[in-house]
Amino acid sequence: MAASDIERPHASIGDLCREFDVTPRTLRFYEDKGLIAPRRDGQRRLYTSRDRARIRLILQGRRFGFALDEMRELLDLYDIGDQGRTQARRVIEHAERRLAEMEAQRSELDTAIRELRTLIAERRIFAEPQATN
Amino acid sequence: MPDGYATISEVCAEFGVTQRTLRYYEYIELLFPRREGTRRLYSAKDRARLTLILRGRRFGFSLEAIRQWLAMYNDGRDQTAQVEKWIDSATRRLAEMERERADLAELIDELRLLRNDGIDWLAVHRQQERARSTG
């Protein structure tokens with residue numbers, strides 16, 4: 001254990017929930033999935049700065065749409081002792097894949113927006129009550 | 001001529017279109033003027049339809065699209081409230097989709113940055129390794 005971990009008081013689950021704006025449920029879920037492993041003091045969970053760094057990365061990855069399994073793999077690569085090179089390479093691969101997916105999603109959204117705009121314009125033009133005789 | 005009807009030349013003057021255009025719209029069944037012998041007579045309803053047709057053309061809609069919309073809204077007033085409601089909810093949905101798109105675009109930019117940082121970092125790292133092994 002790093003010296004800083006001993007010196008610095010550990011954060012509680014409530015502290016981290018406030019810091020990252022997540023629910024305790026979310027943090028317990030990440031723990032269940034083996035992404036973080038806070039220490040226990042009886043019932044209480046104690047989070048080190050390492051846990052905190054992992055949580056930050058998990059939340060960032062989730063925002064980009066990385067799967068939990070992918071996040072676990074990426075986090076574990078931090079510890080393999082090649083100064084993070086493999087980790088960086090894998091992050092780039094996952095990022096490339098998600099970028100392609102998100103770009104496809106964006107162009108689908110563009111099409112849908114264009115179509116809906118046309119539909120609204122059409123209805124505005126043709127919805128006027130037509131004179132009857 | 002019956003009351004409220006206009007001749008083809010009157011309609012042309014009113015809307016600034018040629019007789020040929022009006023005959024074409026009739027041929028493709030967008031307009032249905034009354035016939036008296038060879039004379040065409042346009043009712044107020046025909047002229048209201050023509051207003052919509054020409055407006056649709058100005059906005060770049062095909063005649064086929066215009067025909068479909070006219071058929072759908074032929075019932076007039078009763079549907080107007082419903083259409084207004086539809087337009088309201090569709091406009092709200094459109095705003096949501098545009099927000100979604102903006103969020104997605106931002107996320108894409110961020111992720112691209114992250115990837116580029118990763119690529120740069122690896123490149124620097126590789127250079128340092130090389131410098132170390134040759135030095």
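# Close-ups of a predicted two-chain model

**Figure 1. A loop residue with a positive phi, A:D21.** We start at A:D21, which sits in the loop between α2 (13–20) and α3 (24–32) of chain A. This is a predicted model, and that holds for every view that follows. What is the phi of A:D21? The angle is about 55°, a positive value, although A:D21 is not a glycine. Is A:D21 buried or exposed? A residue counts as exposed with 12 or fewer C-beta neighbours within 10 Å, and A:D21 has 9 inside that distance, so it is exposed.

**Figure 2. A second loop residue with a positive phi, A:Q83.** Further along chain A, look for A:Q83 in the loop between α5 and α6. Phi of A:Q83 is positive too, near 60°, and A:Q83 is a residue other than glycine. Count the C-beta neighbours of A:Q83 inside 10 Å and you get 12, so this residue also counts as exposed.

**Figure 3. Helices α4 and α5 of chain A, side by side.** Here helix α4 (residues 49–63) of chain A packs against helix α5 (residues 68–77) of chain A. Their axes lie 10 Å apart and make an angle of about 140°. Angles over 145 degrees would count as roughly antiparallel, so α4(A) and α5(A) are oblique to each other instead. As for handedness, the crossing of these two helices is right-handed. Which residues make the contact? From α4(A) come A:R54, A:L57, A:I58 and A:G61, and from α5(A) come A:M71, A:L74 and A:L75. Sorted by class, this contact of α4(A) with α5(A) has 5 nonpolar residues, 1 polar and 1 charged.

**Figure 4. Helix α5 of chain A again, now with α6.** Staying with α5(A), we turn to its packing against α6(A), where the axes are 8 Å apart and the angle is about 155°. That makes α5(A) and α6(A) roughly antiparallel to each other, because the cut-off for this label is over 145 degrees. The crossing of α5(A) with α6(A) is left-handed. On the α5(A) side you'll find A:E70, A:E73, A:L74 and A:L77, and they meet A:T86, A:Q87, A:R90, A:V91 and A:H94 of α6(A). The mix of classes in this contact is even: 3 nonpolar, 3 polar and 3 charged residues. One residue to look for in both helix views is A:L74, listed in the contact with α4(A) and again in the contact with α6(A).

**Figure 5. Where chain A touches chain B.** How many residues does each chain bring to the contact? Chain A gives 35 residues and chain B gives 42. Helix α6 (residues 85–126) of chain A supplies the largest share of the chain A side, with 26 residues. By class, the residues on that side of chain A are 19 nonpolar, 4 polar and 12 charged.

**Figure 6. Chain B from end to end.** Now for the other chain, which has 5 helices and 3 strands. Follow chain B along its sequence and the pattern reads β-α-α-β-β-α-α-α. Chain B has 135 residues, and 14% of them count as buried. Take the contacts in chain B between residues at least 6 apart in sequence: 47% of these join residues at least 24 apart.

**Figure 7. The three-stranded sheet of chain B.** The strands of chain B form an open sheet in the order β1-β3-β2, with antiparallel pairing. Which strands are at the edges? They are β1 (6–7) and β2 (34–36) of chain B, each of which pairs on one side only. Two bridges, antiparallel in sense, join β1(B) to β3(B), and B:A6 stands opposite B:Y42 of β3(B). On the other pairing, β2(B) and strand β3 (residues 39–42) of chain B run antiparallel over 3 bridges. Among the bridge partners are B:R35 with B:R40, and B:E36 with B:R39.

**Figure 8. The hairpin and the two faces of β3 in chain B.** The hairpin of β2(B) and β3(B) has 2 residues between the strands, and there B:G37 takes a positive phi near 65°. Along β3(B), the side chains alternate between faces. B:R40 and B:Y42 point to one face and are buried, whereas B:R39 and B:L41 point to the other and are not.

Methods: Residues numbered from 1 in each chain as written. Chains lettered and ligands numbered in written order. Predicted model: local features only at pLDDT ≥ 70, side-chain atom pairs only at ≥ 80, totals over all residues. Axes fitted to C-alpha atoms, helices over the stretch in contact; angles between N-to-C directions. Helix = DSSP H or I, 4+ residues; strand = E, 2+ residues; numbered from the N terminus. Parallel < 35°, antiparallel > 145°, perpendicular 65-115°, else oblique. Left-handed = near helix turned anticlockwise from the far one by under 90°. Contact = placed C-beta atoms within 7 Å. Nonpolar A, V, L, I, M, F, W, Y, C, P; charged D, E, K, R; others polar. Pairing = 2+ DSSP bridges. Buried ≥ 20, exposed ≤ 12 C-beta atoms within 10 Å, placed from the backbone.
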